[in-house]
Amino acid sequence: MTPRKPKKAPRKASKKRAGQEPATAESARYYYKGNRHKQLRAFVATVKLGTLSRAAESLYLSQPTISLQLQALERELGATLLERRRRRINLTDAGEALYELARPLVEGWENLDRDFQAKAKGLQAGRLVVAAGTSTIQYLLPELVRRYRQRYPAVQLQLANVTGKDGLAMLREDKADFAVGSMLDVPNDITWAPVRHYDPMLIAPLDHPLAQKSSITLQDLSPYGLILPPQRLSTYRLVDLVFQQQQVPYHVAIEVGGWDVIKEYVAMGMGISIVTGICITEVDRARLAVHNMKQYFPQRSYGVVMRKGKFLSAEARAFIDLIRPGLLSRDYDEPGHSGGNGYIRFCPFAR
């Protein structure tokens, strides 16, 4: 009788699946980084769009997936980042800190291909959107645009002529790279770096009683009707504030938009006006009496307006360098100003 062969011990099932690399500390580290990137994308999208459903839609994910990524991020960081109140999402203090750090990282990653192509091709391609008010586009930007077009003719440049409110909305929605304009109030999420300064100017017809006066006081303006931009714009509010503070009576004869229209009406003898020096040309000085009024009205500053934490494209950096070389590397001590390393912490644009 043939003896039976002893049975072989059954092989233990391998945990390694076909084609799967063995788990190592290195692969786990990269897996963790991949998860962290997804978590930060979900976090930034949720904060930007305000709800989990909108964030999920923008990232082509389900709402439960976004919720799980946010919960995992909070658990790993050991901090509560978001407060869910009804349908809206609000940031905690820790969330504010993380958002300021994470947003430029996420946006930089998403724009990596475009920015690499721009650098590799020497700005031979790309797109730049600059938001600005009418006076900025008409008087401040033309020479800058001419120089930019000469250096980077292949870049598609769009100048969005918008009001201050709409300009800020474009910045917050990433529909504009940056804005150029004057500001009276700087919101907490916006940074502003002034680069040009202009004095307030009284303009009057050449045959006006004020035209020949060498020194003009605020009281001298009181008898004459003013031509000012509409009340919703900051110039009107600023003029009104000065007269109110000095307790000097005044009256507005005409409200009309556009510096060119105001200058034309003044030249026609319909009234006098207080304008910003940015709009005064040599042609204007030949047909209008112009007096500096900085003794009574504040100087107006124009500069670069950005959303805090905004990651600048190569196209945007090149334009800002034309506005003022080295602006991106400067540190600003005044509230609302700062900068460096490509991420600028620079209100509505005054008009």
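This is a short chat about how some labels in this predicted model are earned.

Student: Let's start with the sheet. What makes β10 and β11 edge strands?

Tutor: The open sheet has three strands in the order β10-β7-β11, with antiparallel pairing. β10 (273-276) and β11 (288-292) each have a single partner strand, so one side of each is left without a neighbour in the sheet. Neighbouring strands here are turned by 35° against each other on average, direction ignored.

Student: How do you know that β7 and β10 are paired?

Tutor: Pairing takes at least two bridges between the strands. Four bridges join β7 (residues 200-205) to β10, and the two run antiparallel. One of the bridge partnerships is Leu202 with Ile274 in β10. Helix α11 (residues 259-267) packs on this sheet, touching β7, β10 and β11, and its direction makes about 145° with that of β10.

Student: What makes you say both faces of β10 are covered?

Tutor: Look at the side chains by face: Ser273 and Val275 are on one side, Ile274 and Thr276 on the other, and all are buried. Take Val275: leaving aside neighbours within four places in sequence, Val275 is in contact with Asp199, Pro200, Met201, Ile203, Trp259, Ile262 and Ile280. Met201 also stands opposite Val275 in β10.

Student: Now a charged residue. Why is Asp284 called buried?

Tutor: The cut-off for buried is under 20% relative accessible area. Asp284 has 3% relative accessibility, so Asp284 counts as buried. Asp284 lies in helix α12 (residues 282-287). Beyond its neighbours within four places in sequence, Asp284 is in contact with Lys263 and Cys279.

Student: Why is helix α13 described as largely enclosed?

Tutor: Count the buried residues: eight of the ten in α13 (residues 314-323) qualify, so the helix is largely enclosed by the rest of the structure. Among them are Glu315, Phe319, Ile320 and Ile323.

Student: Which residues touch the most other members of the largest nonpolar core?

Tutor: Of its 40 residues, that would be Leu128, Tyr148, Phe178, Val275, Phe319, Ile320 and Ile323. Helix α13 gives the most to this core, with six residues. There's also a second, separate core of 19 residues, which includes Ala56, Leu98, Tyr99 and Ala102.

Student: On to the rings. How many aromatic pairs are there?

Tutor: The count comes to seven.

Student: Why is Phe43 with Tyr99 called an edge-to-face pair?

Tutor: Ring centres have to lie within 6.5 Å to pair, and planes over 60 degrees apart count as edge-to-face. Phe43 and Tyr99 are at 6.4 Å centre to centre with 75° between the planes, which fits the edge-to-face label. Phe43 is in helix α1 (residues 25-49) and Tyr99 in helix α4 (residues 93-110), so the pair ties together parts that are 56 residues apart in sequence. Both Phe43 and Tyr99 are buried.

Student: And what makes the Phe178 and Phe319 pair tilted?

Tutor: Stacked needs planes under 30 degrees apart, edge-to-face over 60, and the rest are tilted. The planes of Phe178 and Phe319 are at 50°, with centres 5.9 Å apart, so the pair is tilted. Phe178 sits in strand β5 (residues 178-183) and Phe319 in helix α13, so this pair ties together parts that are 141 residues apart in sequence. Phe178 and Phe319 are both buried.

Student: What makes Phe178 and Phe319 part of a cluster?

Tutor: Ring pairs link them with Tyr148 and Tyr152.

How values were computed: Residues are numbered from 1 along each chain as its sequence is written. This is a predicted model: local features need pLDDT of at least 70, side-chain atom pairs count only at pLDDT 80 or more; totals for chains, interfaces and linings use all residues. Side-chain values use heavy atoms; hydrogens and water are left out. Axes are lines fitted to C-alpha atoms, for helices over the stretch in contact, and angles run from 0 to 180 degrees between N-to-C directions. Contact means heavy atoms within 4.5 Å. Buried means under 20% relative accessible area, exposed over 50%, partly exposed in between (1.4 Å probe, protein chains only). A nonpolar core is a set of buried Ala, Val, Leu, Ile, Met, Phe, Trp, Tyr and Cys residues joined through side-chain atoms within 4.5 Å. Rings of Phe, Tyr and Trp (its six-membered ring) pair if their centres lie within 6.5 Å; planes under 30 degrees apart count as stacked, over 60 as edge-to-face and the rest as tilted.
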